[in-house]
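The report below goes through one protein model, from a single residue outward to the sheet, the core and the ligand surroundings. Please keep the sequence and the structure in view while reading.

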Amino acid sequence: MTTRLRNRFWELPLNQLRPAEWEALCDGCGKCCLNKLEDEETGEIAFTRVACRLLDGETCRCGQYDIRLQFVPECIVLTLKNIGDVAYFMPATCAYRLRFDGQPLPDWHPLLTGDPESVHEAGQSVRGWTVPEFEVPEEDWEDYVIEGDL
Ligand code: SF4
Ligand code: SF4
């Protein structure tokens, strides 16, 4: 069975996307697989270079995407229902966050370039600069905080 993606489907409102289109919206950056720290007082979110144990730091893909919740139950499965609650702590460039906010996709997005490598070539992915979480104890994550927006 083939699943047809509509022409320029990414310009449609999120609530009009078909399941396969929703999946295809992801740019493959891997930024959402970085561990985050939340300031208890201000609620501010800081991303760290410490990546989820299932993230492949080179491909920026989840090593067990289809069964990831068996290994990482806290992994958030983005849906139309929860995007409103979680968009604020997604990376600023996340395609779901951008479209939720009514913003266009950036010009380096693979859907626009037709090349899955373009997200990496534009320096917008986590390729090559993450550390696996099993190498860094949680109390040291603060040392790996990334300054500024992602
Ligand atoms: S389980 Fe997979 S998709 Fe979820 S945060 Fe980890 S690497 Fe990312
Ligand atoms: S941040 Fe958004 S676009 Fe990037 S990998 Fe995660 S879900 Fe996909």
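## Leucine 34 and its surroundings

Leaving aside neighbours within four places in sequence, leucine 34 is in contact with Phe47, Thr48, Arg49, Val50, Ala51, Val126 and Thr130, where two residues count as in contact if their C-beta atoms, placed from the backbone, lie within 7 Å. This is a predicted model, in which local features need pLDDT of at least 70 and side-chain atom pairs count only at pLDDT 80 or more, while totals for chains, interfaces and linings use all residues. Residues are numbered from 1 along each chain as its sequence is written, and chains are lettered from A and ligands numbered from 1 in the order in which they are written.

The bridge partner of leucine 34 in β2 is alanine 51, and lysine 36 stands opposite phenylalanine 47 in β2. Helices (H or I, at least four residues) and strands (E, at least two) are DSSP runs, numbered from the N terminus.

## Sheet and overall fold

The protein contains 6 helices and 3 strands, and along the sequence they follow the pattern α-β-β-α-α-α-α-α-β. Strands of a sheet pair through backbone hydrogen bonds, either parallel or antiparallel. Here two strands are taken to pair if DSSP finds at least two bridges between them. The 3 strands form an open sheet in the order β1-β2-β3, with mixed pairing. Its edge strands are β1 and β3 (131-132), each of which pairs on one side only. β1 and β2 are antiparallel over 4 bridges, whereas β2 and β3 run parallel and are joined by 2 bridges. Alanine 51 has proline 132 as its bridge partner in β3, and alanine 51 is also the bridge partner of leucine 34.

For the whole protein, a compact globule of 150 residues would have a radius of gyration near 15 Å, and the 16 Å of the protein agrees with this; the radius is taken over C-alpha atoms, and the globule rule is 2.2 Å times the number of residues to the power 0.38. The C-alpha trace spans about 45 × 30 × 30 Å along its principal axes. Among contacts between residues at least 6 apart in sequence, 57% join residues at least 24 apart.

## Core and exposure

A residue is called buried if 20 or more other C-beta atoms lie within 10 Å of its own, exposed if 12 or fewer, and partly exposed in between, with C-beta atoms placed from the backbone. Buried residues make up 23% of the 150 residues. The largest nonpolar core (a set of buried Ala, Val, Leu, Ile, Met, Phe, Trp, Tyr and Cys residues joined through C-beta atoms within 7 Å) has 19 residues, and those with the most contacts inside it are Cys33, Leu34, Ala51, Cys94, Ala95, Tyr96 and Val126. β2 and α4 (95-100) each supply at least two residues of this core.

Most residues other than glycine have a negative phi. Arginine 8 nevertheless has a positive phi of about 50 degrees, and cysteine 60 has a positive phi of about 65 degrees. Glycine 43, in the hairpin of β1 and β2 with its 6 residues between the strands, takes a positive phi near 80 degrees. The table sets out the exposure of three residues.

| Residue | Location | Exposure | Other C-beta atoms within 10 Å |
|---|---|---|---|
| Arginine 8 | segment before α1 (19-24) | exposed | 9 |
| Glutamate 40 | loop between β1 (34-38) and β2 (45-51) | exposed | 7 |
| Cysteine 60 | loop between β2 and α2 (68-71) | buried | 22 |

Glutamate 40 and glycine 123 are 83 residues apart in sequence and 31 Å apart in space, C-alpha to C-alpha.

## Ligand surroundings

Ligand 1 is surrounded by Cys33, Cys52, Leu54, Leu55, Cys62, Arg68, Val72 and Cys75, a residue being near a molecule if its C-beta atom, placed from the backbone, lies within 6 Å of it. This shell divides into 7 nonpolar, no polar and 1 charged, where Ala, Val, Leu, Ile, Met, Phe, Trp, Tyr, Cys and Pro count as nonpolar, Asp, Glu, Lys and Arg as charged, and the others, Gly among them, as polar. Around ligand 2 there are 13 residues, the closest being Cys26, Asp27, Cys29, Cys32 and Cys94. The shell around ligand 2 has 9 nonpolar, 2 polar and 2 charged residues.
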